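Open the structure in your viewer and keep the selection panel at hand. The stops below go from one chain to the place where two chains meet.

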Amino acid sequence: MNSTKLSLSTVIIIAVVGVVLVAGGFLISSATPQLLPAQASAESIQVDELVRILLIIGGAIFLLVQGMLAFSVWRFRAKSGDSSDGLHIHGNTTLEIVWTAIPAVIVVVLAVLSWQVWNQLQTPKENEVVVHVDGRRFNWAFTYDAPINLMPEQIDVNSLPENVKVDVQDDGSLTITSPELHTYIGQSVLLQMKPQDVIHALWIPAFRIKQDLIPGRETSIRFTAVEVPGETYPAEYPVRCAELCGANHGLMVSKVIVHKDEASFISDWLVPMMDKVIHPPTDPVLAGQAILTSGVYPCPTCHVETNLGWSPASPVGPSLNGVGDRAAGGRSTATGLSAKDYIYQSVHEPAAFVVPGFQPLMPQLNIPECQALAIVAYLCTQTDSGTPACTVDDYAAKCGSSAPAAEATSEATAEATSGITSEATVEATSVPASEATVEATSAPAEAATQEATAEATSGS
Amino acid sequence: MATISVPLEGGQVGAPERPHLKASDLLRWSVDHKIIGIQYMVTAFFFFLVGGTMAMMIRMELLTPNLDVMSSGSQYNTLFSMHGLTMIFLFIIPMFAGFGNYLLPLMLGAKDMAFPWLNALAFWLIPPAGILFMASWLVHPPEAGWTMYPPLSTLFSGDGQTLAALAAHILGISSILGAINFIVTIKNMRPPGMGYWQMPLFAWAILATSILVVMATPFLAGALTLLILDRIAGTSFFDASKGGDPLLWQNVFWFYSHPAVYIMVLPGMGVLSEVLSIHSRKPIFGYKMIAMSSMGIGILGFTVWAHHMFTSLQPELRIPFMITSFFIAVPTGIKIFSWLGTLWGGKLHLNGALLFALGFLSMFVIGGISGVMLAAIPFDIQVHDTYFVVSHFHFVLFGGSVFAIYAAIYHWFPKITGKMLNERLARVHFILTYLGFFFTFMPMNWLGMLGMPRRVAYYAPEFQNWNRVVSFAAFVLGISTFVLVYNVIVSLRQGKEAGANPWRALTLEWATTSPPPATNFIGDPIPYEDPYGYGTDKANAYLDEIDRRFGVADEAPMPRPTAPAPAPAAGD
């Protein structure tokens, strides 16, 4: 016990060192904004304040330990040939109590602060909008319930074609699905999430939020986007998968798009999306192109398709360039199917015929019938000559909104019996034939909507 | 208690005949704890090189944001899965079991472990497990990470996953057998005059580690059994669609694997206490606090497992685990400050062992600080499953455990082989390792905070610059290993003679020849009253007596007092 009386000089040295360490901690913590992405959510501001405190304390401890080590090496290094021993000191109870108590106090303070921030992050906000998130190897789908009365022109729900009607909820809102997450400054969002296969984790670094999607449960996380100074809107930030989910885990990336305000969110994105859903294109080729480019399906992860700008890092699937020619040529010979039927089979049952030299890696995507037909129609056009190798002539009849009444009725029934999706079956069978007829006849068929992404909406 | 300052009771003066260990001795069944210890170390080091090669391939792949070295993302996944499993189960844990085996009986003045045959069995379980593990390359190696989370590990990982799980099972049995042996040895085989509080701190660390192994490893066995059943017997313990629960795995797995972190780092802390005290010629500062903090870490270590699940655990359960995770920093802090206190006012002899011990302190504290940051849930949410976490656990397991293993090699190589390692090469090794390590793992902190998830073969192009820095530093780190390998090979052939006690250390393993005879000691050694009692005439008298008994090598690294020490007092 040699510290019962501290000399004045010792006290001054300790005080100076303490001040230097704390100043150093502040200096290190001033790097916080460079160490983290833009602060694009209310949560990010709260979390970053905590990070700053952690870095002040962590930085000071870092400097203390490295400084003590450097000082000891410099000051207490044995001279060459020095055979003497160091001081015979076994300990110092006061010192040991101090360096137990101070860290204990620090961690209590940090625990309280972290708890407070955590509670704020957890608190439900007013007027939270729920967005449903599906995670699947290796892409994301975000599903919204959009109130149909936002549409500028009045839409009669009952007058929608069958394949659109499946997206209308009982309360009159329209289900739309997007491969990207859209929100606007000030909107409080609650994400309700489910995976379709393994565990995924939704991570938006700019929002400082992350939550696992766990099979068998619905998990949730909330955020409120805020304005980032100097940012141009709509702003985009990455959405990543953070939990290992398989071979292309690193490619399971999407983006969140933050719109300037509610008005632009509705006018720039929500209404056009709803419009695409309500007015699907009648030309199957355009519809198919829209589906493929919508990102709802993970095709660009594995397939090259130059016309759509797909050049995957690991093209483990056959190229789609000129697929129409091959379908009409060698593949047709090999499988005994027509070009159209061969492509349809490849989309619907990828494992039925595997192109030589490739592995049966493509998952069963369970694409709804109308979407599958549209995709087939688009792929038929991928030929060297530009002349389609095949066409999907019955698309308008099955899926178009301008089909003649009688045909539409019979098709609706046919779809129901072939059981394309369970939802469709229920819808179709529960609709009396006469009603379906009325809807079909009154449904508008507008060329203007042909560029649309159409049925991208029904998603999974 | 009578103070005794004579290292060896009665008996012969002069060194007994020194055994010459042949390489072929390592290939046969032996119940000698020293041979078993070397067998463990050589085997573990082999797997260190295997795991390190995988790490180099990982860093080659990550030089660019796209997949180019590997043929598929799934091949990349097998690489880091095997890297983690190899380093943890086949390198760090067996490596420290090796040092424990070699040193514990010597430190206790015993002739062998309590159960020599069991000891040999525990070692000989490792080669078949290692072969089984590596055989998974022949089928389809695991690709679900070392954490093996279902359903990925049950649905999308090859048959190698089953083989790896079986291998981990066998290695777990080996660990448990070894740990029981350590506990019984410490309990029963301490010499007269050595109570628990006179044990070297390395023995305390082995005791705390062994208690953790015995208590925690059965949980790993349970989890692995369920996983294997799900994979091969059609059960659905982890399959949510059939009533199972993927979180069950996470809870049980981390109930083992968090204590396993302490299983991997506590022995290294024990090494540090020995090396710092001896090479700075000063008693360890706060012996009891260091010993008790090992035990405290061991107990608290069982209450923090779910901090690995802050993004999957139900939100209201996260708070209690945050609090325990914060508090485990306190005993760790006590150790770090006690070690700094040990250095203060010492006479630091900056040889390889001390350099790596200082490197441990310098790097481990960064892992400690990032660990406290990770305990804060709001921050963990941001960096969970990112390169920040990769950095954190490498600062703990490489900056901590591996630096300690290097320090232990430089410190005890003279005892094990009778030869000194080359100090100049040791310095080169240290500088390359220290700088290579820091620049490999420090930038990972920024990468993680800025948004790079772990376990990805593809990453955003804006992260490429830091990834290049990391990769090049990692290559330096990889090369640094071969400086040690070269040093070991050269020193075995041409190294300077070590003598019995090159470092003038007070613990009992130095009170015998290097390498020790088959019975470890001629006669029963008498421990000095305080294993760290440097800086007194009495301690120097004891050390001089060892020198007199066994002789001093010509260029002994630790200077001897110039004037011949007075004859030792025969007690007081």
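Select chain A and look at its contacts between residues at least 6 apart in sequence: 70% of them join residues at least 24 apart. Keep in mind that this is a predicted model.

Now colour chain A by secondary structure. There are 15 helices and 10 strands. Chain A has 460 residues, and 49% of them count as buried. Switch on the surface next: the accessible surface of chain A is about 20,500 Å², with 59% of it belonging to carbon and sulfur atoms.

Next, show chain B as well and select the residues in contact across the two chains. Chain A gives 81 residues to this contact and chain B gives 95. Between them, the two chains bury about 7,400 Å², and 70% of that lies on carbon and sulfur atoms. Select A:Trp99, A:Trp118 and A:Leu244: they supply 10% of the area that chain A buries against chain B, more than any other three residues.

Which residue of chain B forms a salt bridge with A:Asp85? Select B:Arg281, where the closest N and O atoms of the pair are 3.2 Å apart. The count between chain A and chain B is 3 salt bridges. Polar contacts across this interface involve 22 residue pairs, both residues being at pLDDT 80 or more.

Last, highlight the side of chain A that touches chain B. Elements giving two or more residues to that side include helix 3 (42–75), helix 4 (93–122) and strand 9 (235–241) of chain A. By class, this side has 47 nonpolar, 22 polar and 12 charged residues.

Methods: Residues numbered from 1 in each chain as written. Chains lettered and ligands numbered in written order. Predicted model: local features only at pLDDT ≥ 70, side-chain atom pairs only at ≥ 80, totals over all residues. Heavy atoms only, no water. Contact = heavy atoms within 4.5 Å. Buried area = accessible area lost by both parts, 1.4 Å probe. Salt bridge = Lys/Arg side-chain N within 4 Å of Asp/Glu carboxyl O. Polar contact = N/O pair within 3.5 Å; in protein donor to acceptor, adjacent residues only side chain to side chain. Helix = DSSP H or I, 4+ residues; strand = E, 2+ residues; numbered from the N terminus. Nonpolar A, V, L, I, M, F, W, Y, C, P; charged D, E, K, R; others polar. Buried < 20%, exposed > 50% of the residue type's maximum accessible area, 1.4 Å probe, protein only. Areas by Shrake-Rupley, 256 points an atom, 1.4 Å probe, with all protein chains shown as cover.
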